[in-house]
Amino acid sequence: LKEKPVYINIVLFLFGFILSCHAIACIWLSVKGFSTGDHADHYIVGLYWTITTMTTVGYGDIFPVNSTSQIFTIFVMIIGAGTYALVMSNITSIMIHRDAFQETVDQHKQQLASFMHLYKVPWSVQKETFGIYQTVVESALSDHQILQCLPAFMQTKLRMYRKIAIMRKVPVFKFSQTSFLEALAPCLKQC
């Protein structure tokens, strides 16, 4: 199953939190026993109490006065603490997964850049490679693993420049033109 995007989870959480606050405020009004006055004002007081209690702020200006409201307040405090723990664990989880993924991608890009620098791959091919190399799934432990995430035609080009770098270590080919070595590289066995 595909995981829902983060923003959908946030919207659903906020909707649930607001709905819960409304329900708790209504229950608080019935437990507290407001019988006179404007219902809108009492609802706002109940909502204010609910949010200050659930967010663990608790200013103390509104408090339970009988056993029933005290028991209900304990229940709301537990819900508030659980909600806070849920939010913090989700935020932590999102940050950990995002950081781990980004670190892996950055590591693979650095390995690919080092590979191309080592074999003196021309800038145009490097630019083309990074244009294609957008996501990396597996960890790269060798040249083969670095390249396997790329399409076959790009792997062939990069292997050719690896061969050219090897050929340039041979004194006869050290100062040869790149075009000559590019023509010669396919004749060499794959390394």
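Let us start at valine 121: leaving aside its neighbours within four places in sequence, this residue is in contact with Met116, Gln126, Leu158 and Tyr161. The model you are looking at is predicted, and valine 121 is a good place to enter it. Together with Leu158 and Ile164, Val121 touches the most other members of the largest nonpolar core, a set of 17 residues. Helices α3 and α6 each supply at least two residues of this core, and the largest share, 7 residues, comes from α6. As a general background, nonpolar side chains in soluble globular proteins tend to be buried together. Apart from this core lies another one, of 7 residues, with Cys21, Ile24, Met54 and Val76 among them.

Now step back to the whole chain. The chain holds 7 helices and 0 strands, so reading along the sequence gives the pattern α-α-α-α-α-α-α. Of its 191 residues, 26% are buried. Among contacts with a separation of 6 or more, 51% join residues 24 or more positions apart. The accessible surface of the chain comes to about 13,000 Å², and carbon and sulfur atoms account for 66% of that area.

How far can you trust each part? The mean pLDDT of the chain is 80, with 84% of its residues reaching 70 or more. Among the elements, helix α7 (residues 178-184) has the highest mean pLDDT, 90, while helix α5 (residues 143-147) has the lowest, 67. Over residues 135-141 the pLDDT is below 50, and this stretch has 10 contacts in the model beyond near neighbours in sequence.

Back to helix α6, the main contributor to the largest core. Helix α6 covers residues 152-167, and its 16 residues reach 22 Å from the first C-alpha to the last, close to the 22 Å expected at 1.5 Å a residue. Its buried residues include Met154, Leu158, Tyr161, Ile164, Ala165 and Met167. Charged residues are on that list too: Arg159, Arg162 and Lys163 are buried in α6. An α-helix has 3.6 residues a turn, so residues three or four places apart point the same way.

What about threonine 156, buried or exposed? Threonine 156 also sits in α6, yet it counts as exposed because its relative accessibility is 55%, and the cut-off for exposed is over 50%. Along the sequence, threonine 156 and proline 186 are 30 residues apart, but their C-alpha atoms are 9.4 Å apart in space.

Helix α7 brings another partner to α6. Leucine 181 lies in α7 and is buried, because its relative accessible area is 0%. Leaving aside neighbours within four places in sequence, leucine 181 is in contact with Ile164, Met167, Arg168, Phe173 and Ser176. Of these, Ile164 and Met167 are among the buried residues of α6. The C-alpha atoms of leucine 181 and alanine 165 are separated by 9.4 Å, with their positions 16 residues apart along the chain.

Next, turn to helix α2. Like α6, it is close to its expected span: α2 has 16 residues and reaches 22 Å from first C-alpha to last, where 22 Å is expected at 1.5 Å a residue. The buried residues of α2 are His42, Gly46, Trp49, Thr50, Thr52, Thr53 and Met54. One of them, Met54, belongs to the 7-residue core. After α2 comes threonine 56, whose phi is positive, near 60°.

Helix α2 also takes part in ring pairing. The aromatic pairs in the model number 7. In one of them, tryptophan 28 and tryptophan 49 are stacked, 3.8 Å centre to centre with 10° between the planes. This pair links distant parts of the chain, 21 residues apart: tryptophan 28 belongs to helix α1 (residues 6-32) and tryptophan 49 to helix α2 (residues 39-54). Both rings belong to buried residues, as tryptophan 28 has a relative accessible area of 0% and tryptophan 49 is at 3%. Tyrosine 48 and tyrosine 59 form a stacked pair as well, at 6.4 Å centre to centre and 15° between the planes. Tyrosine 48 is in α2 and tyrosine 59 in the loop between α2 and α3, so the pair ties together parts 11 residues apart in sequence. Here tyrosine 48 is partly exposed at 32% relative accessibility, whereas tyrosine 59, at 60%, is exposed. Finally, ring pairs link Trp28 and Trp49 with Phe72 and Phe75 into a cluster.

Key: Residues numbered from 1 in each chain as written. Heavy atoms only, no water. Helix = DSSP H or I, 4+ residues; strand = E, 2+ residues; numbered from the N terminus. Expected span 1.5 Å × (residues − 1). Buried < 20%, exposed > 50% of the residue type's maximum accessible area, 1.4 Å probe, protein only. Phe/Tyr/Trp six-rings, centres within 6.5 Å; stacked < 30°, edge-to-face > 60°. Core = buried A, V, L, I, M, F, W, Y, C linked by side-chain atoms within 4.5 Å. Contact = heavy atoms within 4.5 Å. Areas by Shrake-Rupley, 256 points an atom, 1.4 Å probe, with all protein chains shown as cover. pLDDT = per-residue confidence, 0-100.
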